[in-house]
Amino acid sequence: MPTIQEKQDRLIDDFNELGDSFDQYSYLVTIACSLPEMPEAEKTPERLVAGCQSQVWLAMRAQGGRFYLEADSGTLIIRGVLKLLEELLNGETLADVAAAEITFLRKTAILETFESSRQKGMGYILKRIRGFAAAALERGVDCRA
């Protein structure tokens with residue numbers, strides 16, 4: 001199974017082959033449609049990521065030492081990024097997720113299309129994911145958030 005970094009490297013190569021930021025942005029909108037919508041009942045205040053320009057909900061769980069993410073947003077471009085995060089991180093070990101340096105946003109033209117407030121919001125999302133994985137790893141038990 002490829003590592004998170006190997007999957008990111010492939011993702012970066014694929015995105016850079018798409019072309020400029022407009023082409024990459026368009027692709028994110030396209031893949032956003034493949035992210036299942038989170039049921040309204042699961043869009044709880046606890047799952048809402050504070051500080052994001054868009055509403056973003058993260059449902060995370062640790063099971064058998066592995067990380068699983070279900071995410072949603074009301075904004076298509078963010079839904080596309082969330083879909084990519086699910087593909088990168090689902091099924092990875094808690095230790096790998098907690099230590100992961102998510103670089104694909106910086107190493108493609110994606111981040112260039114985001115306003116500074118949206119860039120900060122992505123930082124909050126990544127911090128929350130890594131924090132959950134680190135806490136679950138420390139507790140050593142299966143859990144949900």
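# A tour from the cavities outward

Begin with helix H5: of all contributors to the lining of the largest cavity, H5 gives the largest share, four residues. Keep in mind that this is a predicted model.

**Stop 1: the largest cavity.** Select Cys52, Gln53, Ser54, Val56, Ile78, Arg118, Gly121, Met122 and Ile125. These residues line the largest cavity. The space inside comes to about 50 Å³. Colour the lining by type. You should get five nonpolar, three polar and one charged residue. How is such empty space found? A probe the size of a water molecule is rolled over the atoms, and this shows where space is left.

**Stop 2: the second largest cavity.** The structure holds two cavities of 30 Å³ or more. For the second largest, select Leu89, Val97, Ala100, Ile102, Leu126, Ile129 and Arg130. Its volume is about 30 Å³. Which helix gives the most to this lining? It is H5 again, with three residues. Colour by type once more. Here the lining has six nonpolar residues, no polar ones and one charged.

**Stop 3: along H5.** Now show the whole of helix H5, residues 116-139. H5 lies across strands S1, S2 and S3. Its direction is at about 20 degrees to S1. Pick out Gly131, which sits in H5. Is Gly131 buried or partly exposed? Gly131 counts as partly exposed, because its relative accessibility is 37%, and that class runs between 20% and 50%. Next, draw a line from the C-alpha of Gly131 to the C-alpha of Phe22. The two residues are 109 apart in sequence and 32 Å apart in space.

**Stop 4: the sheet.** Hide the helices and look at the strands. Three strands form an open sheet in the order S2-S1-S3. Their pairing is antiparallel. Which strands are at the edges? They are S2 (66-73) and S3 (143-144), and each pairs on one side only. Select S1, residues 56-63. S1 pairs with S3 over two bridges, in the antiparallel sense. Zoom in on Ala62: Cys143 in S3 stands opposite.

**Stop 5: another helix on the sheet.** Bring back helix H3, residues 76-89. H3 lies across S1 and S2. Compare directions with S2: the angle is about 170 degrees.

**Stop 6: two crossing helices.** Show helix H1 (residues 4-18) and helix H2 (residues 21-32). Two packed helices are described by the angle between their axes and the distance between the axes. For H1 and H2, the axes come within 7 Å and cross at roughly 120 degrees. Which residues make the contact? From H1, select Phe15, Asn16 and Leu18. From H2, add Asp23, Gln24, Tyr27 and Leu28. This set splits into four nonpolar, two polar and one charged.

**Stop 7: Leu28.** Stay in H2 and centre the view on Leu28. Is Leu28 buried or exposed? Leu28 counts as buried, because its relative accessibility is 1%, and the cut-off for buried is under 20%. Now show its partners. Leaving aside neighbours within four places in sequence, Leu28 is in contact with Phe15, Leu76, Ile77, Gly80, Val81, Leu84 and Ile110. Finish by drawing a line from the C-alpha of Leu28 to the C-alpha of Lys83. These two are 55 residues apart in sequence, and 8.8 Å apart in space.

Definitions and conventions:
Residues are numbered from 1 along each chain as its sequence is written. This is a predicted model: local features need pLDDT of at least 70, side-chain atom pairs count only at pLDDT 80 or more; totals for chains, interfaces and linings use all residues. Side-chain values use heavy atoms; hydrogens and water are left out. Axes are lines fitted to C-alpha atoms, for helices over the stretch in contact, and angles run from 0 to 180 degrees between N-to-C directions. Contact means heavy atoms within 4.5 Å. Ala, Val, Leu, Ile, Met, Phe, Trp, Tyr, Cys and Pro count as nonpolar, Asp, Glu, Lys and Arg as charged, and the others, Gly among them, as polar. Two strands pair if DSSP finds at least two bridges between them. Buried means under 20% relative accessible area, exposed over 50%, partly exposed in between (1.4 Å probe, protein chains only). On a 1 Å grid over the protein atoms alone, a cavity is a set of points where a 1.4 Å probe fits but cannot get out, and a pocket is an open set with protein on both sides within 12 Å along at least five of seven lines; lining residues have an atom within 4 Å of a point. Grid points are joined across faces, edges and corners, and a volume is the space filled by probe spheres set on the points.
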